[in-house]
Amino acid sequence: VWPSSVNDTKFNSAVFLLTGLPGQEDEDIHLWISIPFCLMYVISILGNSVILFIIKTDQSLHEPMYIFLSMLAVTDLGISIATMPTILGIYLFNIREISLNACFSQLFFIPSLQCIESSVLLLMAFDRFIAICYPLRYASILTLPRIAKMGLVCVLRAVAIILPLPILLKRFRYCRANVLSHSYCLHNEVMKMACSDITVNNIYGLFTKLLTMGLDSLLIFLSYLMILKTVLRIASHVECLRALNTCVSHLCAVLLFYTPAIRLSVIHRFRKGSSPMLEIILGYISMLVPPLMNPIVVSSSLVTQEMKNTVLQFHPGPLHPR
């Protein structure tokens, strides 16, 4: 039986307490920990902004592949902006409290942006599939209006799937321990602090993961199976390597995004008593590493394209080997 004073806590006045790295509560240690987080934040913002600027200003990059890259950069910017303020608030200013409304905002925006990023990675896999398997139809299939519709569908899908999560949680009264084990709000943790039946929330939370990351990762895997099947038919090893080389940056982005996110989801749901430090580190990796590394991975594609454009400026005609 919960104390009446806790049971009667008003919804709007309740707060949660965020947590940093376990066992690292000293303020001097927090200051040192904040330095790499600040660097990651600045690099993520600048890196993705530079990618967007280059793609916007260079007319030769207004192609489907680079439009999808710009979508990925926008999503990464959103994830950084949604997660970093509470993380830096803990380590720089020792601000651990977060109101329910702010927590529910993170519960909506973080998984929504992750869902959009998963969708964009699927679109990029589709782009590579069409480019390699149906090169003659590439321009007719991936037109700008169709790409815009795809982007809109990604956003609408994320909103439709994720919006019920905070709405379902908002019905509850929270009377259990209000200390979260991460530096931001996660659906799995918040719902366990409600003094109500959370069966529906638990089932729907698992459903959202299967419908977004689970389905998207399966479709990406199938698309690369078909790409590999097509590439293996190519007689020339040079052409084979050239085709596969266009997929390298995308495969790196896929691994950076799905590996820690899926592992963290599995730990939260199926592995009881796992190391808190492991969960927190995986949480940081899943939220902070993709926005940080994607500009670096993507920039290799942009640099390759820029070098190609530079060569073509000096050699306007076809290049023939001597």
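The exercises below concern one helix contact, two cavities and one pocket in a predicted model.

**Exercise 1.** Determine how helix α3 and helix α6 are oriented to each other, and name the residues that meet.

*Solution.*
Step 1. Helix α3 covers residues 64-93 and helix α6 covers residues 144-162; their axes come within 11 Å and cross at roughly 25 degrees.
Step 2. Angles under 35 degrees count as roughly parallel. The two helices α3 and α6 are therefore roughly parallel to each other.
Step 3. The crossing in which α3 passes α6 is right-handed.
Step 4. On the α3 side, the residues in contact are Pro64, Ile67, Phe68 and Met71. They meet Leu144, Ile147, Met150 and Gly151 of α6.
Step 5. Sorted by class, this contact of α3 with α6 has 7 nonpolar residues, 1 polar residue and no charged ones.

**Exercise 2.** Describe the largest cavity by its volume, its lining residues and the elements that supply them.

*Solution.*
Step 1. The structure holds 3 cavities of 30 Å³ or more. The largest cavity has a volume of about 370 Å³.
Step 2. Its lining consists of 25 residues, and Pro111, Gln114, Leu186, His187 and Lys209 lie nearest the centre.
Step 3. Two or more lining residues come from each of α4 (100-133), α8 (187-191), α9 (199-232), α11 (248-270) and α12 (276-314). The largest share, 6 residues, belongs to α4.
Step 4. By class, the lining of the largest cavity has 13 nonpolar, 10 polar and 2 charged residues.

**Exercise 3.** Which residues line the second largest cavity, and which elements give two or more of them?

*Solution.*
Step 1. The second largest cavity holds about 60 Å³ of space.
Step 2. The lining is made of Met65, Phe68, Leu69, Met124, Asp127, Arg128, Thr246, Ser249 and His250.
Step 3. The elements α3, α4 and α11 each give two or more residues to this lining.
Step 4. By class, the lining of the second largest cavity divides into 4 nonpolar, 3 polar and 2 charged residues.
Step 5. Phe68 appears in this lining, and Phe68 of α3 also takes part in the contact with α6.

**Exercise 4.** Which element gives the most residues to the lining of the second largest pocket?

*Solution.*
Step 1. About 270 Å³ of space lies in this pocket. It is lined by 16 residues, and Ser119, Leu122, Leu123, Phe126 and Leu219 are the closest to its centre.
Step 2. At least two lining residues come from each of α4, α6 and α9.
Step 3. The element that gives the most is α4, with 6 residues.
Step 4. By class, the lining of the second largest pocket has 11 nonpolar, 2 polar and 3 charged residues.

Methods:
Residues numbered from 1 in each chain as written. Predicted model: local features only at pLDDT ≥ 70, side-chain atom pairs only at ≥ 80, totals over all residues. Heavy atoms only, no water. Axes fitted to C-alpha atoms, helices over the stretch in contact; angles between N-to-C directions. Helix = DSSP H or I, 4+ residues; strand = E, 2+ residues; numbered from the N terminus. Parallel < 35°, antiparallel > 145°, perpendicular 65-115°, else oblique. Left-handed = near helix turned anticlockwise from the far one by under 90°. Contact = heavy atoms within 4.5 Å. Nonpolar A, V, L, I, M, F, W, Y, C, P; charged D, E, K, R; others polar. 1 Å grid on protein atoms, 1.4 Å probe; cavity = no way out; pocket = protein on both sides within 12 Å on 5 of 7 lines; lining within 4 Å. Points joined across faces, edges and corners; volume = space filled by probe spheres on them.
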